[in-house]
Amino acid sequence: MTNPETSPAAPRPTLDVAVVMRRERLHGPSSHWQPWRWTLDAVVPDEPGFGTGPRLLRDDQGEQSWLHPGFKVELFRDEAEGYHLNATTPAPCWFVLWRMDEAATLGPEPIPRPVVVTLSYYEAGRWLDAQETVEQVPAPPEVLEWLRDFVQANYVVEPKKRKRPESFRPLVDRFGNAASVSTEKKRGRGAGDV
């Protein structure tokens, strides 16, 4: 009998979440060129009252908070090692990939748009390798418990393979054929001299 949590036919575990982005005022010399910056503020459970589109939560003295509902975090068995790495760090977190709007659509200025939310360390690393903007915020204890349960059911630690020392590897030529080594001189002065 198969475990429903690990069966390939079982639905993937999911959480519905919303992302809060915050615009904060900058201070210091760099504020002459850029008076504020956008940053990830929180990942919260999504609720039906949030609606389906982004909405302004707060706007005071240049600081803003925008709620972006409707994200689904799915756990995939082939990402189990990435979840394991996140769940076993001292500060497990949500990873959010976000991009700035090209033009102002909901207000006088462009706003950031979250694209994907994950709990996989590896998935976030792939996004960073692709030069995307990825930020993180701490994940709450109930999400970590859910994540650890999934990791425990699906992550199998690969045994470390002993690497054979280079000196014991067979010699091959550039085509992969066995190569022979000889100390006998085949050409030039001294070849064949007795």
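In this tour, two residues are in contact when heavy atoms of theirs lie within 4.5 Å of each other. Keep that in mind as you click around, and remember that this is a predicted model.

**Stop 1: the whole chain**

Start with everything shown as cartoon. You should find three helices and seven strands. Walking from the N terminus, the elements come in the order β-β-β-β-α-β-β-α-β-α. Now colour by burial: of the 194 residues in the chain, 30% are buried. If you switch on the surface, you are looking at about 13,900 Å² of accessible area, and carbon and sulfur atoms account for 52% of it. As for contacts with a separation of 6 or more, 65% are between residues 24 or more positions apart.

**Stop 2: the hairpin of strands 3 and 4**

Select residues 55–60, which is strand 3, along with strand 4; the two pair antiparallel over five bridges. For one of the rungs, pick Arg-55: its bridge partner in strand 4 is Leu-67. Then slide to the turn. Strand 3 and strand 4 make a hairpin with two residues between them. Click on Gln-61 in that turn and check its backbone, where phi is positive at about 50°.

**Stop 3: the sheet 6-5-7**

Next, bring up strands 5, 6 and 7. They form an open sheet of three strands, ordered 6-5-7 with antiparallel pairing. Strand 6 and strand 7 (133–138) are the edges, each pairing on one side only. Look along the sheet and you can see the twist, which averages 35° from one strand to the next.

Zoom in on strands 5 and 7: these run antiparallel and are joined by six bridges. Select Trp-94 and look across to strand 7, where its bridge partner is Val-137. While you have side chains on, here is a handy rule for sheets: in a regular strand, side chains alternate between the two faces.

Add helix 2 to the view. It lies across strand 5, strand 6 and strand 7, and runs at about 25° to strand 5.

**Stop 4: Gln-131**

Follow the chain out of helix 2 and stop at Gln-131, in the loop between helix 2 and strand 7. Phi here is near 65°, a positive value in a residue other than glycine. Is Gln-131 buried or exposed? With 69% relative accessibility, Gln-131 counts as exposed.

**Stop 5: Asp-101**

Go back to strand 5 (93–100) and step just past its end. Asp-101 sits in the loop that leads from strand 5 to strand 6 (112–118). Is it buried or exposed? The cut-off for buried is under 20% relative accessible area, and Asp-101 comes in at 18%, so it counts as buried.

What does Asp-101 touch, apart from its neighbours within four places in sequence? Its contacts there are Pro-110, Ile-111 and Arg-113. Show the side chains of Asp-101 and Arg-113: they meet in a salt bridge, 3.0 Å from N to O. The pair links distant parts of the chain, with Asp-101 in the loop and Arg-113 in strand 6, 12 residues apart. Arg-113 itself is partly exposed, having a relative accessible area of 25%. Before you leave, select Thr-105 too: its side chain makes a polar contact with the side chain of Asp-101 at 3.3 Å.

**Stop 6: other salt bridges**

How many salt bridges does a search of the whole structure find? It finds 11. Among them, try Asp-16 with Lys-72, where the closest N and O atoms are 3.0 Å apart. Asp-16 is in strand 1 (residues 14–25) and Lys-72 is in strand 4 (residues 63–74), so this pair ties together parts 56 residues apart in sequence. Asp-16 is partly exposed, at 44% relative accessibility.

Now jump to Glu-79 and Arg-126, whose salt bridge has its closest N and O atoms 2.4 Å apart. Glu-79 lies in the loop between strand 4 and helix 1 (80–87), while Arg-126 belongs to helix 2 (residues 121–129), so the pair ties together parts 47 residues apart in sequence. Check the burial of each partner: Glu-79 is buried, at 11% relative accessible area, whereas Arg-126 is partly exposed, at 44%.

To finish, select Arg-22, Glu-24, Arg-37 and Asp-41 together. Salt bridges that share partners join these four residues into one network.

Conventions
Residues are numbered from 1 along each chain as its sequence is written. This is a predicted model: local features need pLDDT of at least 70, side-chain atom pairs count only at pLDDT 80 or more; totals for chains, interfaces and linings use all residues. Side-chain values use heavy atoms; hydrogens and water are left out. Helices (H or I, at least four residues) and strands (E, at least two) are DSSP runs, numbered from the N terminus. Buried means under 20% relative accessible area, exposed over 50%, partly exposed in between (1.4 Å probe, protein chains only). A polar contact is a pair of N or O atoms within 3.5 Å; within protein, one must be able to donate a hydrogen and the other to accept it, and residues adjacent in sequence count only if both atoms are side-chain atoms. Two strands pair if DSSP finds at least two bridges between them. Axes are lines fitted to C-alpha atoms, for helices over the stretch in contact, and angles run from 0 to 180 degrees between N-to-C directions. Accessible areas come from the Shrake-Rupley method with a 1.4 Å probe; for residues, only the protein chains shown count as cover.
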